[in-house]
Each structure stands twice: as structure tokens, then as C-alpha cells.
Amino acid sequence: MEMIGAYEAKTHLPKLLDRVARGENLVITRHGKPVAKLVPVKTAQEQAKEALERIIERRRDIKLAPLAELMAMTHEGHRY
């Protein structure tokens, strides 16, 4: 990720925005220390797709109880 000084960023903002629009990530620095990041904005569809991928990945790690155990748990505490 490229680092760009604040003065250069201010001077060349339109060109930097073009680069970000093409997919680059840039870090803006002040006195050599990072203070901001310019990143492309994702569409709602891209955000939704990434969220769905994260959900699917996490579901792979979930271990489900056997059906009989789940049924017993639903009736636990009920009076007959």
C-alpha cells in the first residue's frame, strides 16, 4: 500500500481518486505517520456477497447436535 504525504494528497487529489477508483488503496501521512486511508467504495451487492461468504465460512465450523437431542431440549421443563 503506497504512502502519500498530506501536501501531495491535497495537490493531486483528483489523480489519487482516479487511482482509488481503479482499485488501489492509498495511505495519507502527516509528518511520516499514517493518518488516513483512501480505499474504493464497495457497492451494496459486493458488501452483501462478502457478508454471505463470511456467514457460509463460519457455518462450516458449527457442530450441530443430533435431532433427538434438539427435540429433547425443546421439551425440557414442560409439564405433561
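In which helix is Glu8 found? Glu8 belongs to helix H1, where helices (H or I, at least four residues) and strands (E, at least two) are DSSP runs numbered from the N terminus. With a relative accessibility of 41%, Glu8 counts as partly exposed; here buried means under 20% relative accessible area, exposed over 50%, and partly exposed in between (1.4 Å probe, protein chains only). Between the C-alpha atoms of Glu8 and Asn25, which lie 17 residues apart along the chain, the separation is 16 Å.

A word on the model itself is useful here. The structure is a predicted model, in which local features need pLDDT of at least 70 and side-chain atom pairs count only at pLDDT 80 or more, while totals for chains, interfaces and linings use all residues. Residues are numbered from 1 along each chain as its sequence is written, and side-chain values use heavy atoms, with hydrogens and water left out.

The strands come next, with S2 as a good place to begin. Strand S2 spans residues 26-30, and 4 of its 5 residues are buried, so the strand is largely enclosed by the rest of the structure. Two strands are taken to pair if DSSP finds at least two bridges between them. Strand S1 (residues 2-5) runs parallel to S2 and is joined to it by 4 bridges; within this pairing, Met3 stands opposite Val27. With strand S3 (residues 33-38), S2 pairs in the antiparallel sense over 5 bridges, and here Arg30 is found opposite Lys33. S2 and S3 form a hairpin with 2 residues between them, and His31 in the turn has a positive phi of about 55 degrees.

Thr29 offers a closer view of S2, the strand in which it lies. Its relative accessibility is 8%, and Thr29 therefore counts as buried. Contact is defined as heavy atoms within 4.5 Å. Once neighbours within four places in sequence are left aside, Thr29 is in contact with Met3, Ile4, Gly5, Ala6, Pro34 and Val35.

Helix H2 (residues 13-21) can be read by its two sides. Leu16, Arg19 and Val20 are buried in this helix. Seen down the axis of H2, the buried residues fall within an arc of 100 degrees, so they line one face of the helix; the arc is that of the directions from the helix axis to the C-beta atoms. The buried residues of H2 pack against S1, helix H1 (6-11), S2 and S3. Pro14, Lys15 and Ala21, on the other side of H2, are exposed. Just after the helix, Gly23 takes a positive phi of about 110 degrees.

Charged pairs bring several of these elements together in the description. Side chains of opposite charge can pair when their charged atoms come close. The structure holds 4 salt bridges, each defined as a side-chain nitrogen of Lys or Arg within 4 Å of a carboxyl oxygen of Asp or Glu. One of them joins Arg19 to Glu2, with the closest N and O atoms 2.3 Å apart. This pair links distant parts of the chain, as Arg19 is in helix H2 and Glu2 in strand S1, 17 residues apart. Arg19 counts as buried at 18% relative accessibility, whereas Glu2 is partly exposed, with a relative accessible area of 37%. The side chain of Arg19 also meets that of Glu24 in a salt bridge (2.8 Å, N to O), and Glu24 is partly exposed at 31% relative accessibility. Glu2, Arg19 and Glu24 are thus linked in a network of salt bridges. Another salt bridge brings together the side chains of Glu57 and Arg60 (2.7 Å, N to O). In this pair, Glu57 is partly exposed at 43% relative accessibility, and Arg60 is exposed at 55%.

Finally, the surface includes a nonpolar patch. Leu67, Leu70, Met71 and Met73 form this patch, with about 410 Å² of accessible area together. Patches are made of residues with over 30% relative accessible area and no salt bridge, with like charges joined within 9 Å and nonpolar side chains (Val, Leu, Ile, Met, Phe, Trp, Tyr) within 5 Å. Accessible areas come from the Shrake-Rupley method with a 1.4 Å probe, and for residues only the protein chains shown count as cover. Met71 lies in helix H4 (residues 67-75) and is partly exposed, with a relative accessible area of 43%.
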